[in-house]
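Trainee: I have a structure open and don't know where to begin. Can you go through it with me?
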Amino acid sequence: MSAVSEIVRLLAGLFIGYVLASLIESYMHQNVSDAPNKSVNRWERFPLLYGYLLRTRYSHHVIHHCRTFKQDYVTQFRNVAERETLNLELAGRGSHGRIIQRSHYAVRLHGSGSLVFISPLLPVIPLTFMMMGGWATIGACVALALPPLFSYFIHPYLHLPHERAVREAPFLTAWLLKRWYFRAMARNHYMHHRYIASNFNLVLGGDLLRGRYRRPSSKDLSEMQRLGLRID
Ligand SMILES: [Zn+2]
Ligand SMILES: [Zn+2]
């Protein structure tokens, strides 16, 4: 096989892996991490079977969306008392409560939460290998790693004003945060926190393909600006 054909296969795998990773991230975020109440009610009837989904939904939806960042998108707690009240609640949830605290209140991908992002991606690997061979599989694996990597390394900095994020992030993360793709990601994530039924992606594209992308209005953009997010 020539070097050109290997590169083409690698890029094809990268492309297919990217599209699938983005679609799966958008779908799982909507239907598990931010699952609607009717799903939660169904899961609660079979806690042994669905306990894992319930924990993921609790840490992301309840803690990250509802119990923190109540003042605004860049302020996790209004005051110490608010944090202490949440700490008390989490202390009553045993090991899962401790995992949530260690993840800075679900701001960073953590514990069992990471499986929601990773496990649906795994069947893509043998499928790509069987259909397209080893080089395409390497490309696909790189793309499939993006949802958990972005959740762990990038998401915490999306909840900071841009200048502060760039100042506090490690060198490579800071460099990435200034690039077009990551500025678009920051705006998309702001929109998700503002309108919870849309803009689920960190790995951009899947929301658009699933009809779940909401474009920021001029009011949204001026609010982003007020919070110190970049809108260019
Ligand atoms: Zn969410
Ligand atoms: Zn967030």
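Mentor: We will go from the overall fold to the metal sites, then to the cores and a few single residues. Keep in mind that this is a predicted model.

Trainee: Okay, how many helices and strands does the protein chain have?

Mentor: The protein chain has 13 helices and zero strands. Read along the sequence, the pattern is α-α-α-α-α-α-α-α-α-α-α-α-α.

Trainee: What box do the C-alpha atoms fill?

Mentor: Roughly 65 × 45 × 30 Å, taken along the principal axes. The radius of gyration of the protein chain is 19 Å, and a compact globule with 232 residues would be near 17 Å, which agrees.

Trainee: And what share of the residues is buried?

Mentor: Buried residues make up 47% of the 232. The accessible surface of the protein chain comes to about 12400 Å², and 63% of that belongs to carbon and sulfur atoms.

Trainee: What about contacts along the chain, how many join residues at least 24 apart?

Mentor: Among contacts between residues at least 6 apart in sequence, 63% join residues at least 24 apart.

Trainee: Switching to the metals. Which residues coordinate the zinc ion (ligand 1)?

Mentor: The zinc ion (ligand 1) is coordinated by H29, D34, H60, H65 and H192, at 2.1 to 2.2 Å. The four histidines each use NE2, while D34 uses OD. Along the sequence, these donor residues are spaced H-x4-D-x25-H-x4-H-x126-H.

Trainee: Where do H29 and H65 lie?

Mentor: H29 lies in helix α1 (residues 3–33) and H65 in helix α3, so the pair ties together parts that are 36 residues apart in sequence.

Trainee: Are those two buried or exposed?

Mentor: Both H29 and H65 are buried.

Trainee: Which protein donors does the zinc ion (ligand 2) have?

Mentor: The donors of the zinc ion (ligand 2) are H64, H155, H159, H189 and H193, each through NE2, and they lie 2.0 to 2.3 Å from the ion. Their spacing along the chain is H-x90-H-x3-H-x29-H-x3-H. Take H64 and H159: H64 sits in helix α3 (residues 47–67), and H159 in the loop between α8 (146–158) and α9 (162–168). That pair links distant parts of the chain, 95 residues apart.

Trainee: H64 and H159, buried or exposed?

Mentor: H64 is buried, and H159 is too.

Trainee: Next topic, the largest nonpolar core. Which residues touch the most other members?

Mentor: F150, L158, L177 and M185 do, out of the 27 residues in that core. The elements giving two or more residues to the core are α8, α9, α10 (171–177), α11 (180–194) and α13 (218–227).

Trainee: Which of them gives the largest share?

Mentor: α11, with seven residues.

Trainee: What does L158 touch?

Mentor: Leaving out residues up to four places away in sequence, L158 touches Y73, L177, M185, A186, H189, L202 and L229. H189 is also one of the donors of the zinc ion (ligand 2). Apart from the largest core lies another core, of 13 residues, and W43, L53, V124 and L144 are among them.

Trainee: L144, noted. What is G17 doing, and which residues does G17 touch?

Mentor: G17 is found in helix α1. Its contacts are A140, A143 and L144, not counting residues up to four places away in sequence. G17 is buried, with a relative accessible area of 0%.

Trainee: How many disulfides does the structure hold?

Mentor: Zero. A disulfide is a covalent bond between the sulfur atoms of two cysteines. As for cysteines here, C66 is partly exposed, with a relative accessible area of 40%, and C141 is partly exposed as well, at 30%.

Trainee: Last one. Which way does phi go at F69, positive or negative?

Mentor: Positive: phi of F69 is near 55 degrees, in a residue other than glycine. F69 is in the loop between α3 and α4 (80–91). F69 counts as buried because its relative accessibility is 11%, and the cut-off for buried is under 20%.

Trainee: And what is phi at A106?

Mentor: Phi of A106 is near 65 degrees, also a positive value in a residue other than glycine. A106 lies in the loop between α5 (94–102) and α6 (113–118), and at 9% relative accessibility A106 counts as buried.

Notes
Residues numbered from 1 in each chain as written. Chains lettered and ligands numbered in written order. Predicted model: local features only at pLDDT ≥ 70, side-chain atom pairs only at ≥ 80, totals over all residues. Heavy atoms only, no water. Donors = N, O, S within 2.8 Å, 3.2 Å for Na, K, Ca; no water. Helix = DSSP H or I, 4+ residues; strand = E, 2+ residues; numbered from the N terminus. Buried < 20%, exposed > 50% of the residue type's maximum accessible area, 1.4 Å probe, protein only. Core = buried A, V, L, I, M, F, W, Y, C linked by side-chain atoms within 4.5 Å. Contact = heavy atoms within 4.5 Å. Rg over C-alpha atoms; globule rule 2.2 N^0.38 Å. Areas by Shrake-Rupley, 256 points an atom, 1.4 Å probe, with all protein chains shown as cover. Disulfide = S-S within 2.5 Å.
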